[in-house]
Amino acid sequence: MTQLYIRPRSMSDAANPYCPGCGHGIAHKLIGEVIDELGISERVIGIVSAGCSVRSWRLYRLDMVLTAHGRSPAVATGIKRARPENLVFAYQGDGDSAAIGLSELMHAALRCEGITIFMINNAIYGATGGQAAPTTLIGQKTTSYPLGRDPNYTGFPINMAEAIAGISRNSYVARVALNNVRNVLKARNAVIRAFKTQEEGRGFSFVEMLSSCPTGWHMTPPESLNRINEMISQQYPLGEFKVPRALDSSMIKKL
Amino acid sequence: MVNEALLLSGNEALGEGAIRGGCRFFYGYPITPQGELFEYLARRLPEVGGTFLQSESEIAAINMVYGTAATGKRVMTASSSPGISLMQEGLSYLAATQLPCLIVNIMRAGPGLGRVRPSQADYLQATKGGGHGDYHMIVLAPASAQEMADLGFQAFALADNYRTPVMILGDGMLGQTMEPVALPEAMDLSQLPPKPWAVTGARGRERNLVLAAPYTDDELIALNAELEKKYASIEAQEARWESKLLDDAEVVIVAFGTSARIAEDAVLKAREEGLKVGLIRPITLWPFPKEAFDDPRNIRAYIVVEMNNGQMLEDVRLAKHRDIPAYHFGHGGGWVPSTQDVYREVVDVHERKCVR
């Protein structure tokens, strides 16, 4: 009998620590699969920090670093500068990357640091109980905006992929969604292209992943997947916002 | 081999000492008065194949240090008081993850933005924690350009040996004063100690983890116990100080860094006048050299001379014999004592406060 599906070798046996219907599990698995596919597991160093993904270091059979909230891009810089032969990725939530760690992320992007950032955008703070994120949509209710986000009072949602594409001259920048098979396969290609960008020394790579949070959104998992379509049409268009000119396209499928 | 003495500023001496001690990575953000150290390393590190990177903030700098230290390479940062305050989060994380590195604080006068005059007002922040949680760093207090070079060199071995961040606490006066310095011979980088815990990619071994938080409550309690044990071992083995003219001393000045340098002149002047005065100069501020106070001899009073409102005074009061008074002489805000100021205080204490 042929085994059609196996857990990626770069992933451990640790149980998925997330709520039912959460998109984090899909994102972690895609990263693990791509690391297997590219055969880079012995060279990868991963970084996670505070938020729902704080325990996700357990999911990988890789050298992993757990660091302070928002500081992963600076930590990744310190690792990559010391060990350019390694592949360094940081896994960030939307608060980690777009609120408390905005400075570290933007400056890593400005320097075109040879690191890869995966940003999970679920428009909410899951770990602390459903407060607003910088990415929270206009009108979206959270425990800190109980009447919904009013941009006149709290400002507008931030489009990180577009912002980074705007400042990082030498980079790969994409936004993908983890809500249906087609989008997940596109997300997988973006993960491949991000790691390829780093492997080929072509600069900074950033993949923003729109991800579901049924618990924080007070929705069922299927409702959450549909909600991601609203996120896409209302605020967060999908696609590649920047591709390094010489990224070897023969090795990878176009997103 | 003894190297020829060079005329160097304290900042340059520290930078060169660190490089010769095997440091090849520096991350930092500009701030006065640590500029000469920063700029020396910006010039010098590329010459030895090292990495110098100006970060976007002190917060980023200390986290870049965290990243490089996690790979096992020798790494440092330098700043001055307000910048060191910004690094406190990172220092707590470095202590938690037991990552060896060097942090240099060329102190300036606070609180707040303060002003850039020399100060010793970060003593408590450096020695008692500063960041959150139960932790310590080894804190070294050089008092000359020579010692800036020597301690800059030795800091990395201490850091590696105990897997701990080490801080050098200086000030702008120490940093900028030029003195003859005999530099230590450069370390052979191939002789650096192995670091099997470092993250380098899990090739041919199980994964390595550098974790700012253990997975369970019990593991965090165990980590705290491990740190406590390590700190006890450092306290038992690494306390360093210098004593001068203690044998018959009735009044003993306790001072570190710049104020010790000034106090030493005052001690010599007092001796010329026939006053029995000595000096204890802590070189490690944490661990504080309590043993220096074990033997009360003929001591009738301590004067703690500090460029602050009375910080090391607390440690002296805990270490000394209970019947010997300890007075504080100093101010915060950028005040630097003159030899004459300290001498007058010695005479005052000698004549009026206790000795006669």
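**Notebook: chain B, its sheet, its domains and a helix pair**

I began with the sheet and found that five strands of chain B form an open sheet in the order 11-13-12-15-16, with mixed pairing. I note at once that this is a predicted model, and I keep that in mind for every entry below.

Next I looked for the edges of this sheet, and they are strand 11 (241-244) and strand 16 (326-329) of chain B, each of which pairs on one side only. From one strand to the next, the twist averages 20°. As a reminder to myself, strands of a sheet pair through backbone hydrogen bonds, either parallel or antiparallel.

In which sense do strand 15 and strand 16 of chain B pair? I looked this up and found that strand 15 (residues 301-305) of chain B pairs with strand 16 of chain B in the parallel sense, over four bridges. Within strand 16 of chain B, the residue that stands opposite B:I303 is B:Y327.

I then asked what lies across these strands, and found helix 10 (residues 257-272) of chain B, which lies across strand 11, strand 12 (251-254), strand 13 (277-282) and strand 15 of chain B. Helix 10 of chain B runs at about 165° to strand 13 of chain B.

**Domains**

Chain B is divided into domain 1, covering 5-196 + 210-237, and domain 2, covering 242-353. The C-alpha centres of these two domains of chain B lie 27 Å apart. Where they touch, I noted that 27 residues of domain 1 of chain B are in contact with 22 residues of domain 2 of chain B. On the domain 1 side of this contact, the elements of chain B that each supply at least two residues include strand 6 (115-118), strand 8 (165-171) and helix 9 (217-237). The largest share, four residues, comes from helix 6 of chain B. Sorted by class, the side of domain 1 of chain B that touches domain 2 of chain B has 17 nonpolar, six polar and four charged residues.

**A helix pair**

Finally I turned to helix 1 (residues 10-20) and helix 2 (residues 35-47) of chain B, whose axes come within 8 Å and cross at roughly 45°. That angle makes helix 1 of chain B oblique to helix 2 of chain B. The crossing of helix 1 of chain B past helix 2 of chain B is right-handed. Among the residues that meet here are B:L14 and B:I19 in helix 1 of chain B, and B:L37 and B:Y40 in helix 2 of chain B. I sorted the residues of this contact as five nonpolar, two polar and three charged.

Definitions and conventions: Residues are numbered from 1 along each chain as its sequence is written. Chains are lettered from A and ligands numbered from 1 in the order in which they are written. This is a predicted model: local features need pLDDT of at least 70, side-chain atom pairs count only at pLDDT 80 or more; totals for chains, interfaces and linings use all residues. Two strands pair if DSSP finds at least two bridges between them. Axes are lines fitted to C-alpha atoms, for helices over the stretch in contact, and angles run from 0 to 180 degrees between N-to-C directions. Two residues are in contact if their C-beta atoms, placed from the backbone, lie within 7 Å. Domain bounds come from an automatic or database domain assignment. Ala, Val, Leu, Ile, Met, Phe, Trp, Tyr, Cys and Pro count as nonpolar, Asp, Glu, Lys and Arg as charged, and the others, Gly among them, as polar. Angles under 35 degrees count as roughly parallel, over 145 as roughly antiparallel, 65 to 115 as roughly perpendicular and the rest as oblique. A crossing is left-handed if the near helix is turned anticlockwise from the far one by less than a right angle, and right-handed if clockwise.
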